[in-house]
Amino acid sequence: TDGTRAAAAAEVVVPSEPIHLDRPATVRHTSAGDGAPRGQSIAPLDAPGASAAANPAAGARGRRPRAMASEPPGPALRHASPSLTWDEPPRRFALALRLAGSAAFGPLPRSSPSLGGAIAGVWPRVRLELAAGYHLPQEMQRSDGQGAQFDAWMAATRACPRWRVQPIEAQLCAVLHGGAIRGSGRGLAENRTSRRPWLGLGGGFAATWHPVRAFGLWIGVDTLAMVIRPRFVATHLGELHRSGPLAVRGGAGIEWVFL
């Protein structure tokens with residue numbers, strides 16, 4: 001009939017495609033009114049991941065987090081914030097030279113400025129140092145013009161454990177100071193010069209700021225118990241000077257490091 005022929009003419013025949021059992025079937029929709037985009041893939045319900053696609057929340061709950069490979073932290077992570085550390089450059093030994101000015105209380109009658117230097121062997125955890133200096137002359141006179149002039153030479157050794165908080169290095173030191181004090185008479189009937197040894201033991205603290213690896217600014221303070229205290233006397237005047245039982249020495253300087 002005419003109605004049957006019209007229905008047959010309106011029917012669209014879609015060629016069938018082979019079905020692959022190893023991949024999801026693809027359904028091509030010919031009608032634009034069913035709401036599905038053309039060429040959409042539909043996975044079978046028993047295919048892996050199908051339930052997760054249908055229910056994202058369930059897929060998220062069932063998914064195990066992937067284990068991340070552990071990697072050693074790089075330099076940027078290791079040094080992201082300053083921390084107390086023994087870390088050192090690869091070299092195991094360095095030589096340091098220092099020029100410094102200082103002031104000392106105790107060996108001479110008054111505070112005495114001094115100039116000197118030091119040489120140090122620097123290892124990753126310890127620093128061994130040998131220093132020397134000269135205390136500038138100072139005079140001690142009575143009202144009648146009689147008295148004496150004193151100056152001193154000193155040498156010191158320091159053994160210091162080291163800590164680094166970049167770019168600052170801190171040291172706690174065991175120290176040994178010694179040397180000779182020279183006293184020369186002034187205005188006396190017979191002006192003589194005498195030299196007497198002095199020795200002190202104690203501890204100290206020092207810090208060095210390194211804006212660059214080969215150069216630093218140094219400060220340090222030593223406190224000493226005087227083991228040998230020289231005494232100077234003059235005929236008819238008695239004692240002119242005796243070193244005190246304690247001595248304090250503080251200084252500042254610049255340092256070069258040869259790596």
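In this short talk I will walk through the chain as a whole, then its nonpolar cores, a few single residues, and finally its enclosed and open spaces.

Please keep in mind throughout that what you see is a predicted model. The protein chain has 259 residues, of which 28% count as buried, and it contains 4 helices and 10 strands. If you read along the sequence, the four helices come before the ten strands, in the pattern α-α-α-α-β-β-β-β-β-β-β-β-β-β. Among contacts between residues at least 6 apart in sequence, 56% join residues at least 24 apart. As for the surface, the chain exposes about 17,200 Å², and carbon and sulfur atoms supply 62% of that area.

Let me turn to the interior. The largest nonpolar core has 21 residues, and the members that touch the most others are Leu108, Phe150, Ile181, Trp198, Ala234, Leu237 and Leu240. Two or more residues of this core come from each of S4, S5, strand S7 (215–228) and strand S8 (231–234), with S4 giving the largest share, 6 residues. Apart from this core lies another, of 5 residues, including Ala94, Ala96, Ala120 and Val122.

What does isoleucine 181 touch, once we set aside residues up to four places away in sequence? Its partners are Pro107, Leu108, Phe150, Asp151, Ala152, Ser194, Arg195, Arg196, Trp198, Pro230, Phe232 and Ser243.

Next, I would like to look at two alanines in strand S4, namely alanine 156 and alanine 159. Is alanine 156 buried or exposed? Alanine 156 has a relative accessible area of 1%, and because the limit for buried is under 20%, this residue counts as buried. Leaving aside neighbours within four places in sequence, alanine 156 is in contact with Glu129, Leu130, Ala131, Leu176 and His177. The C-alpha atom of alanine 156 is also separated by 7.0 Å from that of valine 175, which is 19 residues apart from it along the chain.

Alanine 159, on the other hand, has a relative accessibility of 34% and therefore counts as partly exposed, since that class takes in values between the 20% limit for buried and the 50% limit for exposed. Outside the residues up to four places away, alanine 159 touches Arg127, Leu128, Leu172, Cys173 and Ala174. Its C-alpha atom and that of leucine 176, 17 residues apart along the chain, are separated by 9.2 Å.

If we follow the chain onward, we come to proline 167, which sits in the loop between strand S4 (147–165) and strand S5 (168–186). The peptide bond that leads from glutamine 166 into proline 167 is cis, with omega near 5°. Proline 167 also appears among the contacts of threonine 208, together with Ile168, Glu169, Gln171, Gly216, Leu217, Trp218 and Glu255, again leaving aside neighbours within four places in sequence. Threonine 208 itself lies in strand S6 and is buried, with a relative accessible area of 1%.

That leaves the spaces. A search of the whole structure finds 2 cavities of 30 Å³ or more. The largest cavity holds about 200 Å³ of space and is lined by 24 residues, with Arg98, Ala100, Arg158, Trp218 and Arg249 lying nearest its centre. Several strands supply at least two lining residues each, among them strand S1 (94–105), strand S3 (126–141) and strand S10 (246–258), while S2 gives the most, with 5 residues. By class, this lining divides into 11 nonpolar, 9 polar and 4 charged residues.

The second largest cavity has about 50 Å³ of space, and its lining is made up of Ala104, Phe105, Pro107, His135, Met154, His177, Trp198, Leu224, Ala247, Val248 and Arg249. Here the largest share, 3 residues, comes from S10, and the lining divides into 8 nonpolar, 2 polar and 1 charged.

Finally, among the open spaces, the second largest pocket contains about 480 Å³. Of the 22 residues that line this pocket, Leu188, Glu190, Val233, Ala234 and Thr235 are the closest to its centre. Which strand gives the most to the lining of this second largest pocket? That strand is S8, with 4 residues, and S4, S5 and strand S6 (193–212) each supply at least two as well. The lining has 9 nonpolar, 9 polar and 4 charged residues.

How values were computed. Residues are numbered from 1 along each chain as its sequence is written. This is a predicted model: local features need pLDDT of at least 70, side-chain atom pairs count only at pLDDT 80 or more; totals for chains, interfaces and linings use all residues. Side-chain values use heavy atoms; hydrogens and water are left out. A nonpolar core is a set of buried Ala, Val, Leu, Ile, Met, Phe, Trp, Tyr and Cys residues joined through side-chain atoms within 4.5 Å. Buried means under 20% relative accessible area, exposed over 50%, partly exposed in between (1.4 Å probe, protein chains only). Contact means heavy atoms within 4.5 Å. Accessible areas come from the Shrake-Rupley method with a 1.4 Å probe; for residues, only the protein chains shown count as cover. On a 1 Å grid over the protein atoms alone, a cavity is a set of points where a 1.4 Å probe fits but cannot get out, and a pocket is an open set with protein on both sides within 12 Å along at least five of seven lines; lining residues have an atom within 4 Å of a point. Grid points are joined across faces, edges and corners, and a volume is the space filled by probe spheres set on the points. Ala, Val, Leu, Ile, Met, Phe, Trp, Tyr, Cys and Pro count as nonpolar, Asp, Glu, Lys and Arg as charged, and the others, Gly among them, as polar.
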